Each structure stands twice: as structure tokens, then as C-alpha cells.
Amino acid sequence: QMAPSVFCLLIRTIRTARTQAEEREMIQKECAAIRSSFREEDNTYRCRNVAKLLYMHMLGYPAHFGQLECLKLIASQKFTDKRIGYLGAMLLLDERQDVHLLMTNCIKNDLNHSTQYVQGLALCTLGCMGSSEMCRDLAGEVEKLLKTSNSYLRKKAALCAVHVIRKVPELMEMFLPATKNLLNEKNHGVLHTSVVLLTEMCERSPDMLAHFRKLVPQLVRILKNLIMSGYSPEHDVSGISDPFLQVRILRLLRILGRNDDDSSEAMNDILAQVATNTETSKNVGNAILYETVLTIMDIKSESGLRVLAINILGRFLLNNDKNIRYVALTSLLKTVQTDHNAVQRHRSTIVDCLKDLDVSIKRRAMELSFALVNGNNVRGMMKELLYFLDSCEPEFKADCASGIFLAAEKYAPSKRWHIDTIMRVLTTAGSYVRDDAVPNLIQLITNSVEMHAYTVQRLYKAILGDYSQQPLVQVASWCIGEYGDLLVSGQCEEEEPIQVTEDEVLDILESVLISNMSASVTRGYALTAIMKLSTRFTCTVNRIKKVVSIYGSSIDVELQQRAVEYNALFKKYDHMRPALLERMPVMEKATTNGPTEIVQTNGETEPAVLETKPPPSGLSCRSAAFLFSTGIPSITAYNKNGLKIDFTFERSNTNPSVTVITIQASNSTELDMTDFVFQAAVPKVEPWRAAYSDRLRASCKYFLISELVMAAYSDRLRASCKYFLISAFM
């Protein structure tokens, strides 16, 4: 009686410590006393001292110096010593330390002990921390105990066999004969551990899986007895008979019935019984129903049974427990692809989960809502998701916006609806959309020729006085630059036209340029839009020239370079300006049978589409370009997947200031390449200086060629590269 009182006194003393430092001091003092006792080989108090060490170990303090003392206790003949010794071994030792190998002989002796409780201690320890070497040496003893008639030892031996199989899978065959009669046991503990052992063997070996499929009728019978049996105080949990065993059997049935028609057929009826007879008022019943649903969905079950399973998940969505709602949403998300119509019946409940306060439930509901969108419900679902986008936390906005973009692109009932939806997203969460949203919307607008007037009017209204949503401002600037003439003319049949003057349009774009909220890229869009309007407006060309000239001295290098290039267009190449700044052609959606690149044009991402057909030996087409340099080496712009594109440059014989650019594209594969996009950006180089009229002039390898049209006939390569930048300025 002395040991427990001293041990309890230690616990009370440690708990009275007011600070962490005071607790550490107590622990260090006690550890010093324990070390001294260990050095003196004091057998009287060894058990008590190891127990103290285990308590300190659970508090997070080092107790490794007690490992050898645990081995000494295991070797003792007293049961009380063995119990603390084995407990200490399970807590302080693992297979990474060589000390544990010294236990092998003691465990072997104890597995053959005459007392079942000593055998149980040895089985627990081996099943907890036995290494592969120990498992090989002791697997025979474990297999022998698995065949014993003692239920207490059989359940522990079954769990120990699971550990042995995990460590040494090739020993699985050794336990196969012992598993024959395990399911005939009446003891629920043995049944439970037996099912765990069978599950482990089936998961690790296809041969074992095929062998144990013949046990499906027996497992079905056990499960039926559990759900049909009366009240049993020994196994009852909240009115349900042994729910732990039921869950284990359902998991094993799920493994056995997967991809097997006969096994699935044999368990359909019992699964229906479990699904309909299990009480759902308690969490225990919900756990069994959840496992039943997973089993139904994983095997080759009947369609009616699958609908029943999805209806159970639908009921879970109405449960007050957040964990149950979460697992229901997760399970529905996994099954929505195979049972889409059944899940659709619970659409309203799923949408209601978007309003849940729990962020995990909200995210799962958002993902499932996007999975439920189709051509029939796209309008209603987008309305709900746009409302969610407007009110959700910032961490949801990027994923929600991307999901709306993809769903709208796939199921849009009309182009106007598509454009309105994307604009609503940009207005609501423009700062959170991904980088590809702007070019994708620009492409959509470009291809919707009949919607140009409507779109530019809507975008103009959207950015009046609000430049906070940068992607929206970028798209609006681009559209105003392209279709500003339609905005001013007031030609809009879709909605009431607005009266806007040329000066008002320029006021908006200049406001974007000077706004503190505008990013550098946005200012680039605005300046380019103003430049484009010089060919679309008639009364404000002088004002546009003035704005362009002002930004020629901007501290933003990108903006300055654009302005200098545009200024050069006004001064030296004004005759080319209308052709260079003409409206973008319709762009086809890129489909990949070849490479896809990104074009950086005027700082804006504008896809240029090349429609390719298998070229003969090589194709070439030419267009003049202005370049102030002494010569440019040839460039291999692309060389991947059998496609090679080369650019070569030659000075014109008639005009030294003109350089002819030749593109040669060749296909070295045996397959045709169709509908791929090639886009390229020429890197900047250090400006070079040359004396001219006592002034410095610079030329960078940025070419301002607004339209480089390379035409080939019939089976030749056709490409339209718009806004290929050449920067030639003085």
C-alpha cells in the first residue's frame, strides 16, 4: 500500500506547481532521486520508480533512462512488475532502438506462460511495438494462441496478428488456417478482432480477397443477427446492439463486394435492412448509416439501393451536428458523377448549406453546388452562387469566381447571359479572379459580334467613378478602345442607349490613368485604349495626341515606352495608324492538338490564333516592319512536339529603314496539327546609341506592328498576329 500512496503524492505535488519553472524543478528533483535508486539496483522500489517515470513521460519530460529498468521488470516473476514493465516498454521503446530486441526472449517465454493475463501482456506489447525481426521470431507463438479456445487470448492474438501482417506481409499465409473458425465465435470481442484481421488480409492481398469472398453469407448472417437481436446489456450502446462490430462488418463487406457481382448481390438485402431499421436519433445510428452508405456506393448495388443511400445523406444534411453535415456533403461530392439525378433532388438543401457558418461545410457545399450545375438549372444555380460570391469570406472568392467562369462557359444559355454573368463576377470579386479571367472575357466579347454595343455600354456604366476592381477596369478599357465608336453612337438594341460624348469617354480613360488605384497593367490598357480611339473618334484626335505626349515622360517605364511608340506613330507613320489600330478579328477558341503559348501584346494578353494544316516542307510569308537597327540574327521562336517556328530578318534593298520579317513553320511529325495558338514576346535588350543630328536615339527590339498578316493558301499555314510590338523610336 506504500507504493500507490507515494505515487499519488507525487502527482498531487506536481499538480500544485503554479508555474512551468516550478513544475520543471520538481520533475528534475524527482528524476535525480530515481536515477540514484536505479544506480543502487534497488529492486524494492523499481516498479514504483518506473511508474513515476511513465507519468513524467506523459507530461512530456524525457524518461529514456528508464528503458533498461522496464526490461528488468519484464523479466521479473511478479505480475505487478511485468504489468508496469510491459506498459513502460510500449511507451518508452520502439523498433528504432536496439534495446527492444532484448525483450524478444522474455516475450516468447511470456507467450507460453501458464497465466492468461501474462500472455495477454506479451501479446499487447508485441502488437504495439514489435519490429519486423520480433514479428518473424514470434509469429509462430501468435498463430498458436489464435487457435486456442480461450476468448480472452484469441481476441488479443488476432490484433497481434494484424500487427505482424503489417510488419511482415509474407507471413500472411501462416494465419490463414487459423481464420477458418474465427467467425463462428460467439464472443463479440473475438468477432470484432477477427473482422479486423480479415479486413487487413483482404486489403493487402488480392488472393486473400478472392479466398474470403466465400465468407460473405456468414458475415451477412452475423450482421442480421445483430440488427434483429433483442436488448443485450453487454453490447447495447444507445439502443443499438454492438455498433462497433456492425461498422467493422460493413467495412469488410465493402471490400469484399467491390467489383464483384455475386458478393454484391448477396449483401444487397442486408444493406437495405440496415439502412431502413437503424435508429437515426442518436449519433451511434448515424455512424452505422454512414458506413452503410459508403458500402452501398462502393459495391455493385442496385439502383434503388443507391437512391436510398443518397436519400440518407440528404437527411444528414438536415442534421444539427456539423460533423454529420460535413461527411454528408463529402460523400455526395464523391457520388455526384455516378448518381447525378439522385443528388439533384437534394439541390435546395445543398444550396442552403452555403449559408452555414462553418467554413468547412461552406466550402464542401460550394464544390458540390458547382458539380450540380447543368444546362437545365444553370440560371438558378448561378443566381445562388453569385449571391454566395457577394457575401462569402475572401478565401472563398477566388475559387467561387473560377467555378462560375467555368460553369458559365460550359452551360451558358446565351452569349448575353454569359457576358452579364462574367461582368457580375468582376464587379463583385474582381480583385480575386485569376489572371486568365481578363483575356478569356476579352475573347468572349470579341467573338460576340452582335453584343459589342451592349457590352461596351454596360462596361462603361460599370466603371463610372469606381476603379477598385482592376480586372473589370482592364476589360472595360480594352472594350472602350475597341468599340468606343459604338458607345458614342448610342446604337444599342438590347437596352436603353446612353448619350456619351467623345470627351466624356476620354475623361473616364484619363481618370483611370491618374487614379491611385490603377495598377501599371491597367494604365497600359487605358493608354492603349486612348490610342485606339484616335482612329474611332473624329473630334478629339488633338486631345489624344496631347495625352500620349504627356506620358512620354512617365516614371513608369512600360507606360513611357508605349507613349513614345504611339507618339512616333502620330509623327512619322500617321498614314499607317488606321491599319495598325483597326478592330481585332474574331478569335477562335484554342483547342490543343499542338502547343499553346501566351502572347503579350501591348502589355495586354490578347490571344492570336494560328490555324494550322500540315505544311508541305516549309511555309514562309512576309510582311514589312520598321526597324532601326544594324541587323537582327534569326530566331527560333518555338521548337517543341515536332513543331518548329523560325523568324529571319533582312534589310530591304530599296529602303534601308525597312526590314522584312520571314516566318517559317514546319511540322516534323506524321500527324496533322490543328487549331493551336502561337504567341511570342521579344525580350528587351540594352538600348544602343548612335549619333544622329547631335542627338541620341535608341532602338529596342520591340516592334510596333499592329497587324502582321501571314497568308498561305489552301493547305498552307494561316496566322493572324495582331499587335505584334515593335518599338522603334528616337
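Student: When helix 3 and helix 5 cross, is the crossing left-handed or right-handed?
Tutor: Bear in mind that you're looking at a predicted model. In it, helix 3 covers residues 46-58 and helix 5 covers residues 79-92. Their crossing is left-handed.

Student: And is helix 3 roughly parallel or roughly antiparallel to helix 5?
Tutor: Two packed helices are described by the angle between their axes and the distance between the axes. An angle has to be under 35 degrees to count as roughly parallel. Here the angle is about 30 degrees, with the axes 10 Å apart, so helix 3 and helix 5 are roughly parallel.

Student: How many nonpolar residues does the contact of helix 3 with helix 5 have?
Tutor: Helix 3 brings C47, V50, A51, L54 and H57, which meet T80, D81, I84, L87, G88, L91 and L92 of helix 5. Sorted by class, one residue in this contact is charged, three are polar, and the nonpolar count is eight.

Student: Let's switch to charges. How many salt bridges are there?
Tutor: Side chains of opposite charge can pair when their charged atoms come close. The cut-off for a nitrogen-oxygen pair is within 4 Å. By that rule, the count is 30.

Student: R204 and E200 both lie in helix 11, but how many residues apart are they?
Tutor: Their side chains meet in a salt bridge, 2.5 Å from N to O. An α-helix has 3.6 residues a turn, so residues three or four places apart point the same way. R204 and E200 are about one turn of helix 11 apart, a spacing in residues of four.

Student: Is E200 buried or exposed?
Tutor: Its partner R204, at 40% relative accessibility, counts as partly exposed. Buried needs a value under 20%. E200 has a relative accessible area of 8%, so E200 is buried.

Student: R363 and D399 form a pair too. How many residues apart in sequence are the parts they tie together?
Tutor: The closest N and O atoms of the R363 and D399 salt bridge are 3.0 Å apart. R363 belongs to helix 21 (residues 359-372) and D399 to helix 23 (residues 394-411), so the separation in sequence is 36 residues.

Student: D420 is in helix 24. Which helix holds R458, the other end of that pair?
Tutor: D420 and R458 form a salt bridge whose closest N and O atoms are 2.8 Å apart. The pair links distant parts of the chain, 38 residues apart, and R458 sits in helix 26.

Student: How many of the eleven residues of helix 26 are buried?
Tutor: R458 itself is partly exposed at 25% relative accessibility. The buried ones are H452, A453, Y454, T455, V456, Q457, L459 and Y460. These pack against helix 24, helix 25, helix 27 and helix 28. Helix 26 is mostly covered, and its buried residues number eight.

Student: Backbone next. What is the phi of S238?
Tutor: Most residues other than glycine have a negative phi, and most peptide bonds are trans. S238 is in the loop between strand 1 and strand 2, and is partly exposed at 42%. Although S238 is not a glycine, its phi is positive, about 55 degrees.

Student: Is D242 buried or exposed?
Tutor: D242 also has a positive phi, about 40 degrees, without being a glycine. Its place is the loop between strand 2 and helix 14. At 9% relative accessibility, D242 is buried.

How values were computed: Residues numbered from 1 in each chain as written. Predicted model: local features only at pLDDT ≥ 70, side-chain atom pairs only at ≥ 80, totals over all residues. Heavy atoms only, no water. Helix = DSSP H or I, 4+ residues; strand = E, 2+ residues; numbered from the N terminus. Buried < 20%, exposed > 50% of the residue type's maximum accessible area, 1.4 Å probe, protein only. Contact = heavy atoms within 4.5 Å. Axes fitted to C-alpha atoms, helices over the stretch in contact; angles between N-to-C directions. Parallel < 35°, antiparallel > 145°, perpendicular 65-115°, else oblique. Left-handed = near helix turned anticlockwise from the far one by under 90°. Nonpolar A, V, L, I, M, F, W, Y, C, P; charged D, E, K, R; others polar.
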